[in-house]
Each structure stands twice: as structure tokens, then as C-alpha cells.
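Here is a structure to go through by question and answer. Each answer sets a value against the criterion behind the word used.

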Amino acid sequence: MLHIDKSGRIINSKVKLEIHLSIQKRLMKKVSGLIVHQTNSPTAQSTFNGYKQGLSGAHFLIDKDGTIYQTASVHYQTWHVGKLKA
């Protein structure tokens, strides 16, 4: 079962919280797309280090070992791929 708390965090033992406020932009009124993207980063930590700049980010990161990290509230937009076109 998936539970989302008031702050937009997934409450599940399989999801580790690694929230980076710097990548959260504005409130998201609705989901208009789902993006799956592979990075060139050698480790999850190197991706987290990049998030500190706040230029781009994603809501979730799946590490090479299968660990799932939530890195932003599902209530906020993150800027990763730009504006989606229908």
C-alpha cells in the first residue's frame, strides 16, 4: 500500500527519504507527465551533490543497487526536462 503524508512524502519501508528542498520549485496542481531518465552519475551521492545547486532534480532516484530514494515532495514541481508538450 502506498501512503503519502501531508508534506508529500511517501511512507513506505522500501522508499528512503533523501529530500532536497533546493530542487522543489512551485506547488504542482496536477501531474501532466511521468519522466523516466537515466543519468550518467556514478553514484546516488554524486547525483545528490548535483541537487545542491538546485538547477534540476527529480522526485525519485533509483540507485544501481535498487534502493529507491524520494528526493522531493510529490506536491512540488521539480525542473528536470523542461516544459512537457502534448
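The questions below concern a predicted model.

Q: Why is Gln 70 called buried?
A: Buried means under 20% relative accessible area. Gln 70 has a relative accessible area of 0%, so Gln 70 counts as buried. Its place is in strand β5.

Q: Which residues is Gln 70 in contact with, leaving aside its neighbours within four places in sequence?
A: Among them are Gly 8, Arg 9 and Ile 10, and also Val 15, Lys 16 and Leu 17. His 59 and Phe 60 are in contact with Gln 70 as well.

Q: What makes the approach of the Gln 70 side chain to the backbone oxygen of Gly 8 a polar contact?
A: The limit for such a pair of N or O atoms is 3.5 Å. The side chain of Gln 70 reaches the backbone oxygen of Gly 8 at 2.8 Å, and 2.8 Å is within 3.5 Å, so the distance criterion is met.

Q: Is Gly 8 itself buried or exposed?
A: Gly 8 is at 0% relative accessibility. With the cut-off for buried at under 20%, Gly 8 therefore counts as buried. Gly 8 lies in the loop between β1 and β2.

Q: What does Gly 8 touch, not counting residues up to four places away in sequence?
A: Gly 8 touches Gln 70, Ala 72, Ser 73, Val 74 and His 75. The last of these, His 75, is 67 residues from Gly 8 in sequence, with 5.4 Å between the C-alpha atoms.

Q: Why is His 20 called buried when its relative accessibility is 11%?
A: The word requires a value under 20%. At 11%, His 20 is under that cut-off and so counts as buried. His 20 lies in the loop between β3 and α1, and leaving aside its neighbours within four places in sequence, His 20 is in contact with Phe 48, Tyr 51 and Thr 71.

Q: How do you know that the His 20 side chain is within polar contact distance of the backbone oxygen of Glu 18?
A: The side chain of His 20 reaches that oxygen at 3.4 Å. The limit is 3.5 Å, so 3.4 Å is within it.

Q: Why is Phe 60 called partly exposed?
A: Partly exposed lies between the cut-offs of 20% and 50%. Phe 60 has a relative accessible area of 36%, so Phe 60 belongs in that class. The place of Phe 60 is in strand β4, and its contacts, not counting residues up to four places away in sequence, include Ile 10, Val 15, Tyr 69 and Val 74.

Q: What class does His 3 fall into?
A: His 3 has a relative accessible area of 47%. This is under the 50% that exposed requires to be passed, and not under 20%, so His 3 is partly exposed. His 3 lies in strand β1 (residues 3-4). Leaving aside neighbours within four places in sequence, His 3 is in contact with Arg 9, Ile 10 and Ile 11.

Q: What is the order of the strands in the open sheet?
A: The three strands run β3-β5-β4, with mixed pairing. β3 (15-17) and β4 (60-62) each have a single partner strand and so stand at the edges, one side of each being left without a neighbour in the sheet. Neighbouring strands are turned by 30 degrees against each other on average, direction ignored.

Q: What makes β3 and β5 a pair?
A: At least two bridges are needed. β3 and β5 (residues 68-70) have three bridges, in the parallel sense, so they count as paired. Lys 16 stands opposite Tyr 69 in β5. Helix α1 (residues 44-51) packs on the sheet, touching β4 and β5, and its direction makes about 155 degrees with that of β4.

Q: How do you know that the buried residues of α1 are on the same side of the helix?
A: The buried residues of α1 are Ala 44, Thr 47, Phe 48 and Tyr 51. They cover an arc of only 100 degrees around the axis, which puts them on the same side of α1. Their cover includes β4 and β5.

Q: Which residues make up the largest nonpolar core?
A: The seven residues are Ile 23, Ala 44, Phe 48, Tyr 51, Leu 61, Tyr 69 and Ala 72. With three residues, α1 gives the most to this core.

Notes:
Residues are numbered from 1 along each chain as its sequence is written. This is a predicted model: local features need pLDDT of at least 70, side-chain atom pairs count only at pLDDT 80 or more; totals for chains, interfaces and linings use all residues. Side-chain values use heavy atoms; hydrogens and water are left out. Helices (H or I, at least four residues) and strands (E, at least two) are DSSP runs, numbered from the N terminus. Axes are lines fitted to C-alpha atoms, for helices over the stretch in contact, and angles run from 0 to 180 degrees between N-to-C directions. Contact means heavy atoms within 4.5 Å. Buried means under 20% relative accessible area, exposed over 50%, partly exposed in between (1.4 Å probe, protein chains only). The arc is that of the directions from the helix axis to the C-beta atoms. A nonpolar core is a set of buried Ala, Val, Leu, Ile, Met, Phe, Trp, Tyr and Cys residues joined through side-chain atoms within 4.5 Å. A polar contact is a pair of N or O atoms within 3.5 Å; within protein, one must be able to donate a hydrogen and the other to accept it, and residues adjacent in sequence count only if both atoms are side-chain atoms.
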